[in-house]
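User: Please take a close look at one part of this model, the backbone near the start of the chain, and then work outwards from there. I would like one connected account that ties backbone geometry to burial and packing.

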Amino acid sequence: MAPRVDFDDILEMVGNENWFQRRLIFVLVYPVSFLLAWMVLNILFMVSVPDHWCYVPGREMYNMTLEQWKNLTIPRETDETGETRLSQCRMFNLTLGDGFALTPVISSNGTAATVGCMHGWEYDRSNWRRTAVSDFDWVCEDAANPTTVLTMNSVGSVVGTLVYGIMADMIGRRPVFFLNIVIFLIGGIINIFAPTFLVFVASRAIAQTTFPSLYNTFFTLAVELVGPSLRGQVNAIAFCVWTVSMCLLPLVAWLVADWQWLGLITIVPGAYFLVVCRYIPESPRWLISVRRKEEAKEILKDIAAVNKREVPKDLDQMLDDLSQQIEHEKKYGIFSLFKYRLSAIRTVFLTFCFIGNIVIYYALQMNVSNMAGNEFLNFFLLSAVEAPANLIGWLGSEHLGRRWTEVGFLAITGVSCLTIMPLLFSPELTWLVTALAITAKFSITVSFFVVFLQSAEIYPTVLRGSGQALGSTMAYAVGIGSPAIIYLSNANPVLPYLILGSIAVLCAVMASFLPETLGTDMPQCLEDTRDFLHDQPYFSFITRRKLRAESGAGSGGLRRRSVVVSQDGLNGAVSTRLAKLEAEAAI
């Protein structure tokens with residue numbers, strides 16, 4: 001039976017790494033990755049809690065410095081670390097005596113009585129002129145409000161990721177992407193000018209429902225419009241630009257020093273995507289998967305025109321062949337991922353890898369960021385460490401393969417965490433504990449880079465959005481509990497590292513059973529996942545150099561034919577084989 005052409009063959013004919021794809025990267029990938037980091041992470045600075053103390057009126061009457069006045073009117077107390085400092089929520093109960101003398105009221109036990117902040121608070125303005133916390137006085141009795149905002153952010157992400165991910169497979173990647181942009185802009189602007197806490201937290205939660213859906217949708221749209229050799233590059237660009245944006249965000253926050261102006265500067269530029277929407281097409285892969293052949297045909301013609309390629313004469317027949325096998329497939333939404341045994345196992349393993357990466361990443365970040373010093377500098381340092389990790393993730397996944405790069409760095413993460421455990425009881429080895437914690441943070445960043453790329457290449461086009469939504473939703477839902485893992489150190493400092501190390505090792509084992517997708521065609525329909533790359537030996541090791549050597553290609557991207565549908569496509573018979581390797585850039 002003669003093999004039938006698949007979508008990657010068609011995309012190669014009209015150009016899969018030419019001007020159209022480069023323009024897409026510049027118009028979509030660079031801006032989304034940069035602006036999205038600002039739009040999502042600005043809330044960490046907007047609800048920053050500056051140092052504060054009770055406002056006690058009358059200082060101007062006594063010709064005192066602020067520090068002298070605070071020492072006179074604010075009691076000292078011991079915090080949870082054992083350090084003595086001026087209270088943030090109490091003041092002495094003072095009366096005005098003869099000659100304007102301040103006299104403390106004495107309590108029944110003979111000490112100066114204290115009361116809550118009767119006249120409001122004063123804030124340290126050295127770093128911030130205004131934050132939402134200082135404007136709304138979310139301190140002392142309302143100190144939980146900033147945490148509530150961040151928690152509802154996570155809840156919004158969990159709900160939105162699943163809903164929008166499924167919508168991306170139902171109505172398309174492009175409309176969901178722009179719907180997310182509009183919702184975030186509206187919610188974000190309302191958030192900046194919110195008059196009450198309820199409006200603030202609700203508007204931010206609504207805006208946050210669009211993340212990580214925004215990232216997942218634009219990434220899926222991008223990788224479905226490029227050839228196999230550019231998929232890793234798109235992922236690398238997205239992650240690296242995100243890191244650069246993270247590094248610049250604290251500088252912008254420090255220069256602006258006002259939460260509302262910071263919100264406007266980091267949210268309003270998102271309107272850029274409404275301006276360039278004409279240059280962002282729908283995914284023709286998805287259009288074919290839902291049998292909208294004519295629309296897919298027009299987009300492929302546009303791609304060919306921009307890339308100065310000839311449109312294949314038998315394009316209609318090719319699209320008919322691709323649509324035919326989907327015609328009689330029954331779909332059950334996200335549950336279709338569990339229709340076939342192999343697909344179900346891989347879905348479970350990918351989901352667990354998503355969960356492991358998210359939980360470990362945020363737990364380690366939270367643990368490392370628990371340090372004194374300037375909040376802007378700390379944020380920058382924690383962001384900067386991701387730059388080399390993303391580079392290593394790209395190079396490793398492109399030259400050593402996705403599977404073993406993922407497994408290797410998950411293993412390094414696990415070993416680093418477990419090695420820390422006995423060192424915690426040796427004060428002279430604190431430097432080694434810090435070095436291993438940074439190593440674990442670096443390694444899990446590499447791993448997260450790769451698992452995101454794997455999910456795009458393993459799930460079929462018809463359920464790619466749903467599959468990524470499932471992994472992200474479960475990961476962010478479980479990730480809400482990351483702080484609890486760190487707080488276990490109060491009971492036993494070994495427990496957080498034992499849990500994180502064990503999760504990393506378990507995920508490494510699961511990742512080793514995922515297929516190697518380097519250079520392969522992506523599955524198009526659900527039927528393709530029945531035997532997708534099922535014949536790979538467990539200990540196989542596919543590298544970019546090996547692919548070139550086998551194909552005899554000296555340069556250019558390479559492809560492995562992974563899914564070949566027989567001529568009797570109506571019965572969905574699928575066979576998997578390794579076809580002749582060829583240069584992606586060849587005409």
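Analyst:
**Backbone, burial and packing**

Gly 15, which comes just after helix H1, takes a positive phi of about 105°. This value, like those that follow, belongs to a predicted model. Helix H1 itself spans residues 7-14 and is mostly covered, with seven of its eight residues buried. The buried residues of H1 are Phe 7, Asp 8, Asp 9, Ile 10, Leu 11, Glu 12 and Val 14, a list in which the acidic side chains Asp 8, Asp 9 and Glu 12 stand beside Phe 7, Ile 10, Leu 11 and Val 14.

Further along the chain, helix H2 covers residues 19-46 and contains Phe 20. Phe 20 has a relative accessible area of 4% and is therefore buried, since the cut-off for that label is under 20%. Apart from residues up to four places away in sequence, Phe 20 touches Leu 225, Pro 281, Ile 303, Val 306 and Asn 307. The C-alpha atoms of Phe 20 and Lys 308 are separated by 9.6 Å, although their positions lie 288 residues apart along the chain. Across the protein chain, 78% of the contacts between residues at least 6 apart in sequence join residues at least 24 apart.

Two of the residues that Phe 20 touches, Ile 303 and Val 306, fall within helix H13, which runs over residues 293-306. The axes of H13 and helix H14 (residues 315-324) come within 11 Å and cross at roughly 130°, an angle that makes H13 oblique to H14. The contact is made by Lys 293, Lys 297 and Leu 300 on the H13 side and by Leu 315, Asp 316, Leu 319 and Asp 320 on the H14 side. In this pairing H13 passes H14 in a right-handed crossing. An α-helix has 3.6 residues a turn, so residues three or four places apart point the same way. Lys 293, Lys 297 and Leu 300 of H13 are among the residues to view with that spacing in mind.

A second helix pair has another geometry. Helix H5 (residues 145-170) and helix H20 (residues 464-479) pack at an angle of about 175°, and their axes are 7 Å apart. H5 and H20 are therefore roughly antiparallel to each other, because that description applies to angles over 145 degrees. From H5, the residues involved are Val 158, Thr 161, Leu 162, Gly 165, Ile 166 and Asp 169, and in H20 they meet Arg 464, Gly 465, Ser 466, Ala 469, Ser 472, Thr 473, Tyr 476 and Ala 477.

To return to backbone geometry, most residues other than glycine have a negative phi, and most peptide bonds are trans. Cys 140 is not a glycine, yet its phi is positive, at about 55°. Cys 140 sits in the loop between helix H4 (132-136) and H5, and with a relative accessible area of 19% Cys 140 is buried. Leu 533 likewise has a positive phi of about 55° without being a glycine. The loop that holds Leu 533 runs between helix H22 (494-511) and helix H23 (544-551), and Leu 533 counts as buried at 6% relative accessibility. The peptide bond from Phe 211 to Pro 212 is cis, with omega near 10°, and Pro 212 lies in the loop between helix H7 (197-208) and helix H8 (213-223).

Buried polar side chains complete the picture. Ser 245, found in helix H9 (residues 228-256), counts as buried at 0% relative accessibility. The side chains of Ser 245 and Trp 38 are joined by a polar contact of 3.0 Å. Beyond its neighbours within four places in sequence, Ser 245 is in contact with Ser 33, Phe 34, Ala 37 and Trp 38, positions that fall within the span of H2, residues 19-46. Asn 357, in helix H15 (residues 341-368), likewise counts as buried at 0% relative accessibility. A polar atom of the Asn 357 side chain lies 2.7 Å from the backbone oxygen of Cys 353. Leaving aside neighbours within four places in sequence, Asn 357 is in contact with Glu 406, Leu 410, Ile 444, Ser 447, Phe 448 and Val 451.

As for the whole protein chain, there are 23 helices and twelve strands, and buried residues make up 55% of the 587 residues. The protein chain exposes about 24500 Å², of which carbon and sulfur atoms supply 64%.

How values were computed
Residues are numbered from 1 along each chain as its sequence is written. This is a predicted model: local features need pLDDT of at least 70, side-chain atom pairs count only at pLDDT 80 or more; totals for chains, interfaces and linings use all residues. Side-chain values use heavy atoms; hydrogens and water are left out. Helices (H or I, at least four residues) and strands (E, at least two) are DSSP runs, numbered from the N terminus. Buried means under 20% relative accessible area, exposed over 50%, partly exposed in between (1.4 Å probe, protein chains only). A polar contact is a pair of N or O atoms within 3.5 Å; within protein, one must be able to donate a hydrogen and the other to accept it, and residues adjacent in sequence count only if both atoms are side-chain atoms. Contact means heavy atoms within 4.5 Å. Accessible areas come from the Shrake-Rupley method with a 1.4 Å probe; for residues, only the protein chains shown count as cover. Axes are lines fitted to C-alpha atoms, for helices over the stretch in contact, and angles run from 0 to 180 degrees between N-to-C directions. Angles under 35 degrees count as roughly parallel, over 145 as roughly antiparallel, 65 to 115 as roughly perpendicular and the rest as oblique. A crossing is left-handed if the near helix is turned anticlockwise from the far one by less than a right angle, and right-handed if clockwise.
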